[in-house]
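Let's take a walk through this one side chain by side chain. Have the viewer open as you read.

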Amino acid sequence: MSDWPLWPLPLLVVLYAIFMLVVSTNVQFNFFVKAYNKNPDFVENAVALSFDDGPDENSMKILDILDKYEAKAVFFCIGKKIEEKPEIFREILKRGHIVGNHTFSHTRRMGFLSSKRILEEISECDRVAQEVGGVKMNLFRPPFGIINPKTRRALLRSGHTVIGWNVRPYDAITKSPQVIINRITKKLERGDLILLHDNREKTPDILEQLLVILKQRNFAIVRPDKLFNINAYN
């Protein structure tokens, strides 16, 4: 007889459910799809900035700060917000930044959608971006970092390149700007990709302080398409 213990079926089901939850809610694991999260072998001592959940009125302040420090970033935009703020979406492009797909509605039910519905979310966001900004977006960041088998099937159809992150300060749920800055800078390394949200009122102040610190530490800022040597648009 085998010396391996026989695990009770209910326990196996629970362990499998926990495993699937973990790998489905962390895009960095690259379990279901290949995602670009960091590039420690990048030739420069540089990091990249990304902003989620715009365009937003707050995005304009962020654009001005990025201009001040001559930094470029990627903005992962929600389709319905592009429809609401088309002039800001176009301004992001005008100032030399790149944009990516963050689905049309950014629904909190993302993990429960069918692959067909996920594809519709991605395609509708693409359509709006092309109509408003004249770009065919190649980059996709899943809302909440959720990547499961249904998302994988949708992405196989859409052909998008997935962008994750490896520095997540949880700025959307953390009140203290100093805590957020410390989370970003504590272990920051060459090739890191930072996640922030441009629809948060505190983000402009956090960004300016962060850019000062990065300059003091001799970090350059590069766009993620340069960091990973990939195409932002089709």
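Start with the cysteines. The sulfur of Cys125 has its closest cysteine sulfur in Cys77, 7.4 Å away, and that is too far for a bond. A disulfide, after all, is a covalent bond between the sulfur atoms of two cysteines, and the cut-off used here is 2.5 Å. Keep in mind that this is a predicted model. Neither residue is out in the open: Cys125 comes in at 0% relative accessibility, so it counts as buried, and Cys77 is buried too, with a relative accessible area of 1%. For the structure, the disulfide count comes to 0.

Next, the rings. How many aromatic pairs are there? The count is 2. One is formed by Tyr36 and Phe228, a tilted pair with 5.2 Å from centre to centre and 45 degrees between the planes. This pair links distant parts of the chain, with Tyr36 in strand E1 (residues 35-36) and Phe228 in helix H9 (residues 224-228), 192 residues apart. Tyr36 has 25% relative accessibility, so it counts as partly exposed, while Phe228 is buried at 9%.

Then there is Phe51 with Phe75, a stacked pair: 5.0 Å centre to centre, with 20 degrees between the planes. Here strand E2 (residues 46-54) supplies Phe51 and strand E3 (residues 74-77) supplies Phe75, and the two residues are 24 apart in the chain. Phe51 is buried, at 0% relative accessibility, and Phe75 is buried at 0% as well.

Back at Tyr36, a charge joins the picture. The charged end of Lys34 sits over the Tyr36 ring, 5.1 Å from its centre.

Phe51 also leads us to Leu196, as the contacts of Leu196 include Ser50, Phe51, Asp52 and Asp171. You'll find Leu196 in strand E7 (residues 193-197), and at 1% relative accessibility it counts as buried.

Follow that contact to Asp171, which lies in the loop between strand E6 (161-163) and helix H7 (177-185). Which side chain of opposite charge is nearest to Asp171? That would be Arg200, 6.1 Å away, and Asp171 is buried yet has no salt bridge. The salt-bridge cut-off is 4 Å. Among the residues Asp171 does touch are Ile180, Leu195, His197, Lys202 and Thr203.

Elsewhere, charges do meet. Side chains of opposite charge can pair when their charged atoms come close, and a search of the whole structure finds 12 salt bridges. Lys85 and Glu57 form one of them, at 2.9 Å from N to O. It links distant parts of the chain: Lys85 is in the loop between helix H3 (79-84) and helix H4 (86-94), and Glu57 is in helix H2 (residues 57-68). Both ends have some access to the outside, with Lys85 partly exposed at 23% and Glu57 partly exposed at 47%.

Glu131 and Arg127 make a local bridge, with their closest N and O atoms 2.9 Å apart. Both lie in helix H5 (residues 115-133), 4 residues apart, about one turn of the helix. Glu131 is exposed at 58%, whereas Arg127 is partly exposed at 32%.

Asp225 and Arg223 form a salt bridge at 2.7 Å, and both are buried. Finally, look for the network of salt bridges that links Asp64, Asp67, Glu91 and Arg95.

Key: Residues are numbered from 1 along each chain as its sequence is written. This is a predicted model: local features need pLDDT of at least 70, side-chain atom pairs count only at pLDDT 80 or more; totals for chains, interfaces and linings use all residues. Side-chain values use heavy atoms; hydrogens and water are left out. Buried means under 20% relative accessible area, exposed over 50%, partly exposed in between (1.4 Å probe, protein chains only). Lys and Arg count as positive and Asp and Glu as negative; His and the chain ends are not counted. Contact means heavy atoms within 4.5 Å. Rings of Phe, Tyr and Trp (its six-membered ring) pair if their centres lie within 6.5 Å; planes under 30 degrees apart count as stacked, over 60 as edge-to-face and the rest as tilted. A charge sits over a ring if NZ of Lys or CZ of Arg is within 6 Å of the ring centre and within 35 degrees of the ring normal. Lists of a residue's contacts leave out its neighbours within four places in sequence.
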